[in-house]
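This report describes helix packing, nonpolar cores, a chain contact and selected loop residues. The sequence and structure are shown first.

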Amino acid sequence: MHWEMVMGLEVHLQLATHSKIFSSSSTQFGAEVNTHTNPLDMALPGTLPVLNHEAVTLAIVFGLGIGAEIGKISRFDRKNYFYPDLPKGYQISQFFEPIVKEGIFDVPLEDGSTFPVRILRAHLEEDAGKSVHDAIPAHTGIDLNRAGTPLLEVVTEPDFRTSEQVIAYLKALHALVTYLGISDGNMSEGSMRCDVNISLRPMGESAYGTRTELKNINSFRFIERAIHVESQRQQDLLEAGHTVTQETRLFDPDRDETRAMRSKEVANDYRYFPDPDLLPIVIDDATIENIRASLPELPVAKRLRYTEELGLSNYDANLLTQERATAEFFEIVAETSENPKSAANWVLGDVSAALNKEGISMSDATLSAIDVATLIARIDDNTLSSKMAKDVFDALWQGETDVDSIIDRKGLKQVSDSGALEVIINALISENTAQVEQYRVADEGKQKKLIGFFVGQAMKASKGQANPQLLNQLLKEKLG
Amino acid sequence: MPIAFESIATLSQALKNGEVSSRQLVEQAVARIDSLNPQLNAVVCLEAEQALANADQADARRAKGEHSPLLGIPMLHKDIFCTQGMRTTCASKMLADFVPPYDATVVQKLKDAGMINLGKCNMDEFAMGSSNETSVFGACKNPWDVTRVPGGSSGGSAVAVASGMVPFATGTDTGGSIRQPAALCGITGLKPTYGRVSRYGMIAFASSMDQAGPMAHSAQDCALVLNAMAGHDPLDSTCDNTPVPNYHQTLDHPIAGLRIGVPKEFFSSHLNTEVATAIDAAICELERAGATVKEVSLPSTDLAVSTYYVIAPAEASANLSRYDGVRYGYRCEAPSDLQDLYFRSRTEGFGAEVKRRILVGTFTLSAASYDQYFMKAQQVRRLITQEYDSVLNEVDVIAGPAAPNTAFALNDTSKSITDMYMEDVFTIGANLAGLPAISLPAGLVNGLPVGLQLIGQRFGEAQLLNVAHQFQSRTDWHTRRPTLEAVR
C-alpha cells in the first residue's frame, strides 16, 4: 500500500525583545545562571506580570509579514501544569484569543513556484526556565534566566506532505523572521524550536490518521531525519496491522529513533482560563497601519523584484533572499556595479564559497559590498580579467580594501591596448610558422585548439595581463 | 495622652501640636498589643524596635515642619502584604518562614506617607475564610466577646483596630474580607473599586476580585488613608489610572437628595431579624439626613455565593500553584522524587480550607467541567454586574446589611462549610461587580456590633465615604467600644 504523510508544524520563535515578556529582566542568552531573574521571574508571592509591548509589536509585525489577520482584541490565558522550571505552576499563553489569526504563507520552492502553507494562528506566550541536570551532583538545578522570554508560537494547518516541504517552510519562516527582526532565529540557542505533528494515511484517503507529535527538534537536519524515522515507524506499525498511539515523542539523534515521552512528562488537562492579572490586548487600526508602513521589503517581494526587474533566475532570487544580510549585500553590489547578474554570480559564487569555507554567515563577514561592486566594474571595463578578479577578491577577503589600489599594487592591469598586443602577436606568428600553416588549412575544431595555443603563448608573453577577448579577436584577424 | 481608640485625625492634630510624639504613640501601641494580644491573637508579627526607629524619624520630620496627616501614625498590615525584610506568611505553614525581598505597593505608599508599620495581623489562611479560624496561628478573638469570631479574612486587622491597638490597619477584600470583620468588630472598613488600589505585593487569592482597603474607626480615617493608598501603579496592569480625588475634602458635603436603593433580596430569610431591624433604623437615619430611599431589586443575589465559589477557587487554584516546595516556602522532609516533593509539600503546607478550594478550583477548570461551571459562573457574574449597574443608574448608593448575623461562636461545629460561605451573601456582589463598598457600625444586637453596608458606583469611593461620614456625624455607633474588661 502507498502511504501519504500528513504533517502540521508548531514553531516556537523567541522574540528579539530586550526584556522579558512580563518583567524587566534581560533576555540575553548565555548569562550566568539565575542572574537574569527578578521576584516576578521567580514567582515570588504577590508579584504581577506587566506586558512588554515590544513583544506585541513584534507579533503584529509577524502577522503582517504573513498577511494574516491581526486580532483586534486578544487575551492571555493561564496554562496550568506543574514542572520545576515553570515557577508559577502555570504558563501565561494565549489559548482562546491569539494575537495573530489565519494567514497564508507562500513558501518558495527551488523551481520558482510557491507552496502555500495555511497558518492557523500565532500566539504570544512566555518561555519556561531550564532544568540543569549536571551542575550539582545528585540534584537537578533550575536556571530561570530563560523563564519569561517572549515566544511566538506559529501553528500551521496539516498542509505538509513531504519533509522537503517542511524544510522549505522552516527556511522561509527563518528568512522571514530574521528579515523582520522579530527573532534572531538561532536554532542552536533555541530561538527557533519546532514540533512536528505527523500521521500517515493510505494514498487517496481524505480522513487523517492518528498523529504523533515530535517535540523540540532543533536543526533542519534532525527534523528531516526525525520525520523519516517516525514515518517509517508508523508505516511499519500500520502495515503490521497495528495502530498508532496518539502521543508525544522525542527524536533521539544518537540512536536515530523516536521514543514516547513518559506519561508524567505530558499533562493532559491544562485547565486553560483567562489570566485575571492581565488586561486584553486591544490593537486599533492606526497601530496596525503604522507598523505595516514600517515593515521592510519582505523576501517574497524581493524575489519578485529580482526576477522581474533585475532579470535573475528564480533559483538565484530564492537563494539570495534566504537571509536578509545576503539580500542587502547583494542589493548594494548590484546597484553600485550596475550589473545585477554579475552581482548575483559573485554573491552566490565566490562570496558564498568564502563564507562557507570559514563557516560564518553574511552578517558576520567584514567584506565590503562596495569593494565587490568595484571589482565587478573593473571586470566590466576590461581592467581585470576574471582570473585577475579572483586574485583581487582573495585580497579583499584577506582584509585588504580598495580594489583599485590592490590592482595597482599587484600590477594586475590587463593589457587592452591593441598596439601592444599586436607586437606580441606578430612576434608569435613569426616564431611559430608551422602552427600558422596548420591553422590556415585546419577545420573549425582544430582552429579553436590552435587559437588556444596562441592565446596561451600570448598570455605567457604578456605575463598574464593580456585581455583575453581582445587577444582572441586580434589573433583571428591576423591568422585568418 | 492615651491613644487607644483615638482617631487618626485626632492623633495627627496632637502630633502637629506637639502634645505627643510618634515614638510615644508607637510605645503605647506596642504596650497595648503586648497586653491584649495573648487574649485576642490579632497580631502575628511585631517589629517594635524597627517601628520605634521609624517613629523617631517621623518625629524628626515633624520637627522640621513636615505635617502630612499620616506622618508618624502607627498601623498594622494584614499579613497578606509583602513587607521587605519582615516575615510575610499569609497565615499559612506554607509561608511560615517567608521574608519578602520587596514591599507591596500599598506598604510602600503608606511608608512614603509616613505611617509607622508595627507588624502583621492575623487572617484566614491565604484569605480563605470568614471567621479567621483557618489561620496557622490559630483563631483571632472578637474583643466584644472573646468566645466569638471577629469575622474574616481580615479578622486580625479588624480586632487590632476594634481593641484600640492601632488606629488603622490594612485589609483585603475578595468576597467581603474587609467588610464582614469590620461589621462584626464594630469598625469602619472600605473595599475600594477593583483597580483603585494596587495589588502588587499583595499575595493573590482570587486576582479578579482581590482588593486592598482601609480599616479604621471612622469613615474620616478611612478617607485619610485611602488618599495615600489609592492610585495607578505601573506594576499592576489591572490598577486603574482614574485620578484619585481628595477623599477627605468631600466628607462634609450634605447628603440631601441622595438616592438610596435598598435591595429587597438583602432582607431575605438569610438575614437575622434583629440585624434587619438595626439596618432599617440606620437607613431611616440617612433618610432623616435628607436622603430618599427606595426599594430596588438585585434578582441574582442568591446566585452570587455559588458564582463566587466557582470563580474564586478557580483563580486560587492557579495562584497557589507556585507554592510547590521548589524555590521558597515549605518543603517536605526528604522527598523521594519530584512527585513526592510536590505532593507532600502541598499536603503538609496547606490547611484544609485552602486545599478544599484548590480542589474545587482545579475541578471547575478541568476540561470536563469548564463549560458547566467556570464559563457558566462568568456568565452569571456578568449578569450580576449588569443588575448592580442598572440599579446604580437609578440610585446613588445601595444600602443594606454587611453580614447576615452578628459575630458567631468560635469552633461552631453546627455551622457547615456552606453555612460559612453564606456569611458573604451580601458582600460578594460588590466583588463580582468590582464596585466599592463600605461597612460602618450601625447598631448593637445583644451587645454585638452590626454593620451597615453601602455599595457605590465604580470609583465612587468619595461618595461612599461622604455618606458614611454624614451618618457618623449623626450617630455614635462608631464610637462604641468593646465591653471586654481588658480592652476598655
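In chain B, the axes of helix α7 (residues 219–229) and helix α15 (residues 461–474) come within 8 Å and cross at roughly 150 degrees. That makes α7(B) roughly antiparallel to α15(B), a term for angles over 145 degrees. Axes are lines fitted to C-alpha atoms, for helices over the stretch in contact, and angles run from 0 to 180 degrees between N-to-C directions. Helices (H or I, at least four residues) and strands (E, at least two) are DSSP runs numbered from the N terminus.

This is a predicted model, in which local features need pLDDT of at least 70 and side-chain atom pairs count only at pLDDT 80 or more, while totals for chains, interfaces and linings use all residues. Residues are numbered from 1 along each chain as its sequence is written, and chains are lettered from A and ligands numbered from 1 in the order in which they are written.

From α7(B), the residues B:Ala219, B:Gln220, B:Cys222, B:Ala223 and B:Leu226 meet B:Glu461, B:Leu465, B:Ala468, B:His469 and B:Gln472 of α15(B). Contact here requires C-beta atoms, placed from the backbone, to lie within 7 Å. The residues of this contact comprise six nonpolar, three polar and one charged. Ala, Val, Leu, Ile, Met, Phe, Trp, Tyr, Cys and Pro count as nonpolar, Asp, Glu, Lys and Arg as charged, and the others, Gly among them, as polar.

A second helix pair is found in chain A, where the axes of α9 (residues 369–380) and α10 (residues 386–397) come within 10 Å and cross at roughly 165 degrees. α9(A) and α10(A) are therefore roughly antiparallel to each other. On the α9(A) side the contact is made by A:Asp371, A:Leu375 and A:Ile379, and on the α10(A) side by A:Ser386, A:Ala389, A:Val392, A:Phe393 and A:Leu396. Six of these residues are nonpolar, one is polar and one is charged.

The largest nonpolar core has 152 residues, and B:Met75, B:Ala160, B:Val161, B:Val166, B:Val397 and B:Leu454 have the most contacts inside it. Such a core is a set of buried Ala, Val, Leu, Ile, Met, Phe, Trp, Tyr and Cys residues joined through C-beta atoms within 7 Å. Helix α9 (residues 301–319) of chain B gives the most to this core, with nine residues. Apart from it lies another core of 61 residues, including A:Leu13, A:Phe105, A:Ala122 and A:Leu176.

Between the chains, the contact takes 25 residues from chain A and 34 residues from chain B. The chain A side divides into 17 nonpolar, three polar and five charged residues.

Three loop residues are compared below. A residue is buried if 20 or more other C-beta atoms lie within 10 Å of its own, exposed if 12 or fewer, and partly exposed in between.

| Residue | Loop | C-beta atoms within 10 Å | Class |
|---|---|---|---|
| A:Phe95 | between β4 and β5 of chain A | 17 | partly exposed |
| A:Asn382 | between α9 and α10 of chain A | 13 | partly exposed |
| B:Ala127 | between β3 and α5 of chain B | 30 | buried |

A:Asn382 has a positive phi of about 70 degrees although it is not a glycine. Phi of B:Ala127, likewise a residue other than glycine, is near 65 degrees. The loop between β3 (116–121) and α5 (155–162) of chain B also holds B:Ser153, and the peptide bond from B:Gly152 to B:Ser153 is cis, with omega near 10 degrees.

Notes
Angles under 35 degrees count as roughly parallel, over 145 as roughly antiparallel, 65 to 115 as roughly perpendicular and the rest as oblique. Two residues are in contact if their C-beta atoms, placed from the backbone, lie within 7 Å.
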